[in-house]
Amino acid sequence: MICARECPDWCIHIESHTESLPPTSPRGRPRSVAVLDRFAIDVGLCLYCGICIDVCPFDALHWAPTHDYPATDLRELLHETDRLAGWLPEATAPTQPSR
Amino acid sequence: MPDRAMPVHRQTVDPGQWRAAVAEVLTGGPVWFEVLTATERPVVAEGHAPVEVILRVRRLAAADASDAAGAAYELHTTVGPDRTLDSVTGLLRGAAWCEREVAEMMGVRFTGFDDGTGLGLRRLLLPETFEGEPLRKSAELAARGVVPWPGLKEPGEARPAAGRRRTQAPGVPAWGVDGG
């Protein structure tokens, strides 16, 4: 949960739980995986600093492709995954920092 | 972009030499005062996080062949635990607002402050009744006392596991849900 840890103003809500997967082979052991329950960004708090995008090791976060108001109503400033996923088809490829 | 092309002369000075160092830069010719600001450095001793004050001016006309018009001069100094520093308002009148801001936000006391009003070093942005130095890392944010820090959880955890070494976010009050 690096994004939530690095966020300077705590605007990322991320919740998950662990699920046990049955073994894939007869002698295998059950595997536990982390399952995402909720990912939401409170854009009413967000600074648009981009730190979460930079630190994500999986490039799961992107800048929105266009500059626009995140919402026109105060009650719509908490963007859950359904809302955030709407941007994905237009998202630009993440830029890698030079190493 | 002149910023990229023009040289930046950086110099770190002793806080006791602060005013003299600024005066030295100003003797080279007319300058544009860009900024006086401060930042908190990592803690070096128990309870003492030094505050670094930074002043930046830009040369408007070359003083000599070794100099260049447009070059930036940046002075850095780290104030001691007493957090006092000589004011440069006598040299750069425009630094008054910046010094007032640094004073109220970071708790640096500028001695000899004079902005021509005779009112001395006073608040710039915060109300008179405000207590504390809000841009210090030690400043407590009351709202963080009632909300658990989202960064404390690991993947797969519904709530932070007990016993793990706890990292802590800045600004959480000691009385808060994650405090102590």
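In this predicted model, Glu133(B) has a relative accessibility of 29% and therefore counts as partly exposed. Its salt-bridge partner is Arg136(B), with the closest N and O atoms 3.9 Å apart. That distance still qualifies, because a salt bridge here requires a side-chain nitrogen of Lys or Arg within 4 Å of a carboxyl oxygen of Asp or Glu. Arg136(B) itself is buried, as its relative accessible area is 9%. The pair thus joins a partly exposed residue, Glu133(B), to a buried one, Arg136(B).

Elsewhere in chain B, salt bridges with shared partners link Arg10(B), Glu34(B), Arg56(B), Arg58(B) and Glu74(B) into one network. One of the pairs is formed by Glu34(B) and Arg56(B), whose closest N and O atoms lie 2.9 Å apart. Glu34(B) belongs to strand β2 (residues 31-40) and Arg56(B) to strand β3 (residues 51-59), so this bridge ties together parts of chain B that are 22 residues apart in sequence. The two partners also differ in their burial class: Glu34(B) is partly exposed at 30% relative accessibility, whereas Arg56(B) is buried, with a relative accessible area of 14%.

Chain A offers another example. Asp73(A) and Arg75(A) form a salt bridge in which the closest N and O atoms are 2.7 Å apart. Here Asp73(A) counts as partly exposed, with 22% relative accessibility, while Arg75(A) is exposed at 73%. Over all chains, the count comes to 14 salt bridges.

A wider view of chain B helps to place these residues. The chain contains three helices and six strands, and their order along the sequence is α-β-α-β-β-β-β-α-β. Chain B has 180 residues, of which 39% count as buried. How much of the contact pattern joins residues 24 or more positions apart? Among contacts in chain B with a separation of 6 or more, such pairs account for 59%. Parts that are well separated along the sequence therefore meet in the fold, where a contact means heavy atoms within 4.5 Å.

Turning to the outside, chain B exposes about 10,300 Å², and carbon and sulfur atoms supply 56% of this area. On the surface, Val146(B), Val147(B) and Trp175(B) make up a nonpolar patch, and together they have about 330 Å² of accessible area. Val147(B) is found in the segment that follows β6 (109-111) of chain B. With a relative accessibility of 39%, Val147(B) counts as partly exposed.

The last topic is the meeting of the two chains. The size of an interface is often given as the accessible area lost when the parts come together. Between chain B and chain A, the buried area is about 1,200 Å², and carbon and sulfur atoms give 53% of it. Which three residues supply more than any others of the area that chain B buries against chain A? They are Arg144(B), Pro150(B) and Gly156(B), which supply 43% of that area. In terms of contacts, 15 residues of chain B touch 13 residues of chain A.

Polar links cross this interface too. Five residue pairs are in polar contact between chain B and chain A, both residues of each pair being at pLDDT 80 or more. The count of salt bridges between the two chains is one. In a salt bridge across the interface, the side chains of Arg5(A) and Glu154(B) meet at 3.1 Å, N to O.

Key. Residues are numbered from 1 along each chain as its sequence is written. Chains are lettered from A and ligands numbered from 1 in the order in which they are written. This is a predicted model: local features need pLDDT of at least 70, side-chain atom pairs count only at pLDDT 80 or more; totals for chains, interfaces and linings use all residues. Side-chain values use heavy atoms; hydrogens and water are left out. Helices (H or I, at least four residues) and strands (E, at least two) are DSSP runs, numbered from the N terminus. Buried means under 20% relative accessible area, exposed over 50%, partly exposed in between (1.4 Å probe, protein chains only). Accessible areas come from the Shrake-Rupley method with a 1.4 Å probe; for residues, only the protein chains shown count as cover. Patches are made of residues with over 30% relative accessible area and no salt bridge: like charges are joined within 9 Å, nonpolar side chains (Val, Leu, Ile, Met, Phe, Trp, Tyr) within 5 Å. Buried area is the accessible area (1.4 Å probe) that two parts lose on being put together, summed over both. A polar contact is a pair of N or O atoms within 3.5 Å; within protein, one must be able to donate a hydrogen and the other to accept it, and residues adjacent in sequence count only if both atoms are side-chain atoms.
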